[in-house]
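Before reading on, take a moment to look at the sequence and the model side by side. The report below moves from whole chains to single residues, so it may help to keep both in view.

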Amino acid sequence: MTLLGLIGGVIQPVLIVGGAPLLVGVLRQVRARLEGRVGPGVLQPWRDLRKLVGKEAITPRGTSELFRVAPLVLVATTLVVAVVAPFVTTASAADPVADLFAVVALLALGTAVLALAAIDTGTAFGGMGASREMTILALVEPTLLVAIFALSVPVGSTSLAAIVSSTLNDPARVVSPVSLLAAVALVVVIVAETGRLPVDNPATHLELTMVHEAMTLEYAGPDLALVELASAMRLTVFLGLFANLFAPWGIATSAAPLALLVGVLALVVKIAVLGALLAAAEVFLAKLRLFRVPELLAGSFLLSLLAVSASFFLA
Amino acid sequence: MLGLWRKIRRTGRIAEPAPPAPGDRVEAAAGLGGSVQIRHVDAGSCNGCEVEIGSAFGPVHDAERYGARLVASPRHADALLVTGVVTRNMAEPLRRTFEAVPAPKLVVAVGDCARDCGVFAGAYGVVGPVSDVVPVDLEIAGCPPRPEAIVEGLRKLTGR
Amino acid sequence: MNLAASSFGAAVSIGALTAIIGALATARSRSTLVGIGTATTGVAALLAGGAALTGESFSLAAPGLLPLSGVSLTLDALGALFVAVTGGVAVACGVYGVSYARHGLDSRLVQAVFPLFVVAMLLVPVASSVGTLLVFWELMALTSLLLVLAEHRRRPAVASAARWYAVMTHLGFVTILSGLLVFAAHAPGDDFAALREAEVSPSVAALVFLLTLAGFASKAGILPLHAWLPRAHPEAPSHVSALMSAAMVNLGVYGIVRVGFDLLGGGPRWWWLLVLALGAVSAVYGILQAAMSTDLKRLLGFSTTENLGLVLIGVGAAGLFAAFGDRVLSGLALAAALLHVLNHAAFKSLLFLAAGSVLHATGTRDLDELGGLRAGMPVTTAAFGWGALAASALPPGTAFVSEWLLLQALIHGLPADGGADAIVMPVAVAAVALTAGLAVATFVKAFGVGFLAKPRGEAAARAHESPPTMLAGMGLAGLACAVLALAPTLVLPAVGAASGVALGGEASAVTGTVTIRLAGVAGSLSPLMITLGLLVAAVVSLGVLRAVAARRARRTARLWDCGGGPLSARMEYTATSFAEPLQRVFDDVLAPEQDVDVDHFEESRYLVRAVAYRRAVPDRVERRLYQPVLAAVAAWGRAGTRLATGSVHRYLGYGFYTLCGLLILLAVTR
Ligand code: SF4
């Protein structure tokens, strides 16, 4: 366990918890501007959270402990990912603890627990949201794992730090067909996993079109704050992973204060840019019908398979 | 796609400049700190008010810039935006919606119908104005109220 | 006499004694005695397996015990792993059975056969000659068949399931028998040592491998020979299902590994490609059918097919790597497969025991009628939840570790060799990945719909917790899951030893105490640290939340029902509706049958009187593959009736013609 790793293990989660709501703020702001609106400002999600934390918590009648624990699990899984994955530094304190597979599985665990909590309410919308989310998860998982496969083949390891460092050492790899194909596949995956357009509309009020929102309809006050924070963190984590897998430049490789500062700045800039791009793209997209979503996901699966084959033939 | 992009470029910002903030804040909303999530309940309106609420949250008036946001569940809400007279069928649902909102909670009665039954006063099937069913914190007058009035009312909640 | 030998001897004799007790004891004490006896057998077997895995071994030959070949037994590390697994499962099932069996399963026959079944399963991996193996294999098949039939008076479906099982298991037996006899015919003797020495030509070896593969794969529930499994496992009593699903199917894997690696010494690539392909197809198809199932135990049965498919992916990959001469990776892949056998045994026995507890309390296995069990049966709910987490390959569950190892083996396999691997490995990874994703959906469905939310039926609403011994049985299985999930490094050396026997190497593929580190290739994982990290993160977030949140009391409120009337249980999502989106996605594979009948009033067809909706997801492989065969057999049978008219003269005539024909044949060929 190195000093750099320890510092990273502290800075990363703090940065991600602090920055995640701001990222959502940026997304909403970009969207508002493109629609000709002024927008509530990037700080608005933090104001929302502050207020939610101060509100009353509600336990709907007939729900169990699981319903109350789920938001905590959701946050905890994302926090663990924030500690182990290389966001600010490559030398994670806990690199041998979890690799890319473990990170994916942890994020899936959060989703599964939230889906169980939604079923636990016993409402029609809870069940509906859970069913849809699980369907999407079941289809996203293969793409994700195969894309990881493609990325780890040239490196010979699924350790995130190893993949990131090797890209740092060999920048030409980023423009290889393997990387590009995997990147496209991962974009689709990230959009689906974080519930953005065209898979899910985070701003919808129509229950029948909801996926993620439908699972959270019963949460109020602090519980809701946790769920919202967690989903913002998941978005941040996914964008951060994407950024560092394909453009790791700037990430700190030594514990010097300057390097760490650059690492933090680079991460913030990269995620902000990716977020803005995502929001801008959303303006041009309409939500797909739920039963067209699998086609999109199947397409991304094919791309990731192609990436793997390419990684072999070009190796 | 390119056409849409050009249109976005051409149109630019269409939100009107923000009018000065209304001075009188609703006391109960002080703790919300500039963030008010709103659940809209149509208790029996003619849908005129809905159209105006829609335009209050549209690009021109952009109520969202003051920290108000419409949400999908009363559990997520701080305030109920009730429109229309309360009809018999909607009295109980309105009560239940109010009950579903976590404290501290506010009720805004939008439109003359919601305030005092307006043109539907004494009609068959009308229970009464919103204040007969749930406690009202703020009233927005008009039939229908202008979007500016709605935005002004919401700003009294958000304080921005 | 070392520990392994003495405790194995103890296990077998206690088991046999228990069987006798089961046949003789009074009705009241029978299930208790048999339960305790079976559990003791299991403990002794665990000891024997453990001792043998740490280096002891024994062999025994009793030439006179059975006619023709005698009995010869050898306990080596590979067999010991399976002995230990069976022993562990038997402990949980035995304890569970003490009170579970009181409810209509305490007949003399069932109680006597139950420990015999365990003994047979213990003996199979120890058999070290063809004759011995076949005898014990058949003993295992017969005892399990009797146990499947235990409840045939209560449900007509049992008889049909048992018929399927009987036919398929015996067809499997015939293929294994012929395969091993062909093998023995080309070897100096029929014991395994002689078989190892034998010089068999590649074509004979291939024939032996294919024949035994068919039989063993059928026992393991591998496609396309799985048809008995989703029938027999649900219909058997639950602790028998647990034994079958968690212990018996493993022996199919044992057979493939023993014959393929140990006796035949590996083989050409296509053998293992075939195994891998069968595994991949079974994994994906099994979990898809499980995702569609609304019968809790059928779901678990199909999940067995899925998990054994994953195991075979590992075995196939190990064979492929071995054929390429890559010792490190083949060791890793086989270790992953064997670890998955262990893990699957732990969580599947837990799940089946919990399902049995549900069945015991509600009398139904239909998920669409369950729900809300957490109120009445909190322990069973927790047990099933823990098992479901383990089965869905999410941390901190057990299957996560073995699937992680499996993926590592597959991923590192790629750059090393050429040709077919470039396509095989990605497809295998994709199959594992698809399986993992669908498993999450399946077990969220099983647990969420079955145990959470509101009860959907009368029986579920009246559910009550099971007696303590049943809970203890589940507790033991749950404990095993926890140990395997958090400290897999405790068992990994044993798994390495077992795979070393098969592959002829000693080096363990995996090292590390808290963190699993792969030997020879890069890769590490620490399930314990991940779990601790999750706990710490949850506690920290709870602490921060408590510190900043307002001190408002938590309020209990009615469910948000959109302000309308109260939500009834009929408005909940059922297992069927939960799986509907997936069913649509995999429409082409599953080919579900839907029927909507709308009944109108006379006056107008817009006035609907009733709507009948029926949906069934048939097992398509079965329909395509088995129906034609069954139809052909039936047609043959019908054709045969024309020959049998009932006239004695005719029958005498048949005899005469046949005799003449034979004589002519002899005259011509001589
Ligand atoms: S106030 Fe006027 S516009 Fe609003 S609901 Fe009543 S009648 Fe319609």
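What follows describes two chains as wholes, then some annotated spans, and then a helix and a few single residues.

## Two chains as wholes

The model is predicted, and every value quoted here should be read with that in mind. Chain C contains 25 helices and eight strands. Its radius of gyration is 27 Å, close to the 26 Å that the globule rule gives for 670 residues, so chain C is as compact as a globular protein of that length. Chain B, for its part, has five helices and seven strands, and these follow one another along the sequence in the pattern α-β-α-β-β-β-α-β-α-β-β-α. A compact globule of 160 residues would have a radius of gyration near 15 Å, and the 16 Å of chain B agrees with this.

The table sets some values for the two chains side by side.

| Property | Chain B | Chain C |
|---|---|---|
| Span of the C-alpha trace along the principal axes | about 50 × 35 × 30 Å | about 100 × 70 × 60 Å |
| Residues that count as buried | 54% of 160 residues | 58% of 670 residues |
| Accessible surface | about 6900 Å² | about 25100 Å² |
| Part of that surface from carbon and sulfur atoms | 55% | 67% |

How do the contacts within each chain divide along the sequence? In chain C, 78% of the contacts with a separation of 6 or more are between residues 24 or more positions apart, while in chain B, among contacts between residues at least 6 apart in sequence, 83% join residues at least 24 apart. The charges can be described in a similar way: chain C has 43 positive and 36 negative charges, whose mean positions are 7 Å apart, and chain B has 19 positive and 18 negative charges, whose mean positions are 9 Å apart.

## Spans listed in a record

For chain C, an unreviewed UniProt entry lists residues 128-411 as "domain: NADH:quinone oxidoreductase/Mrp antiporter transmembrane". In the model this span is 80% helix and 0% strand, and its end C-alpha atoms lie 35 Å apart.

For chain A, an unreviewed UniProt entry lists several spans under "transmembrane region", including residues 100-122 and residues 235-252. The span 100-122 of chain A is 96% helix and 0% strand in the model, with 34 Å between its end C-alpha atoms. Over residues 235-252 of chain A, the chain is 67% helix and 0% strand, and the end C-alpha atoms are 22 Å apart.

## A helix of chain B and its cover

Which residues of helix H2 of chain B are buried? In this helix, which runs over residues 48-56, they are B:Gly48, B:Cys49, B:Glu50, B:Glu52, B:Ile53 and B:Ala56. The elements of chain B that cover these buried residues include three strands, E1 (36-42), E3 (79-83) and E5 (106-110), together with helix H5 (147-158).

## Three residues of chain A

The remaining part of the report turns to single residues, and the contacts named for each leave out residues up to four places away in sequence.

A:Ser304 belongs to helix H11 of chain A, which covers residues 293-313. Is this residue buried or exposed? Its relative accessibility is 0%, and because buried means under 20%, A:Ser304 counts as buried. A:Ser304 touches A:Thr143, A:Val146, A:Ala147 and A:Ala185. The C-alpha atoms of A:Ser304 and A:Leu181 are separated by 6.4 Å, although the two residues are 123 residues apart along the chain.

A:Ser152 is part of helix H5 of chain A, residues 124-152, and it too counts as buried, at 0% relative accessibility. Which residues does A:Ser152 touch? They are A:Ser157, A:Thr158 and A:Ile163 of chain A, along with C:Ile411 of chain C.

A:Arg234 lies in helix H9 of chain A, which covers residues 221-246. With a relative accessibility of 7%, A:Arg234 counts as buried. The residues that A:Arg234 touches are A:Leu74, A:Thr78, A:Leu107, A:Gly110, A:Thr111, A:Glu193 and A:Thr194.

How values were computed: Residues are numbered from 1 along each chain as its sequence is written. Chains are lettered from A and ligands numbered from 1 in the order in which they are written. This is a predicted model: local features need pLDDT of at least 70, side-chain atom pairs count only at pLDDT 80 or more; totals for chains, interfaces and linings use all residues. Side-chain values use heavy atoms; hydrogens and water are left out. Helices (H or I, at least four residues) and strands (E, at least two) are DSSP runs, numbered from the N terminus. The radius of gyration is taken over C-alpha atoms; the globule rule is 2.2 Å times the number of residues to the power 0.38. Buried means under 20% relative accessible area, exposed over 50%, partly exposed in between (1.4 Å probe, protein chains only). Contact means heavy atoms within 4.5 Å. Accessible areas come from the Shrake-Rupley method with a 1.4 Å probe; for residues, only the protein chains shown count as cover. Lys and Arg count as positive and Asp and Glu as negative; His and the chain ends are not counted. The place of a charge is taken as NZ of Lys, CZ of Arg, CG of Asp or CD of Glu. UniProt positions are given in the numbering used here, feature names are shortened, and annotations may be inferred rather than shown by experiment.
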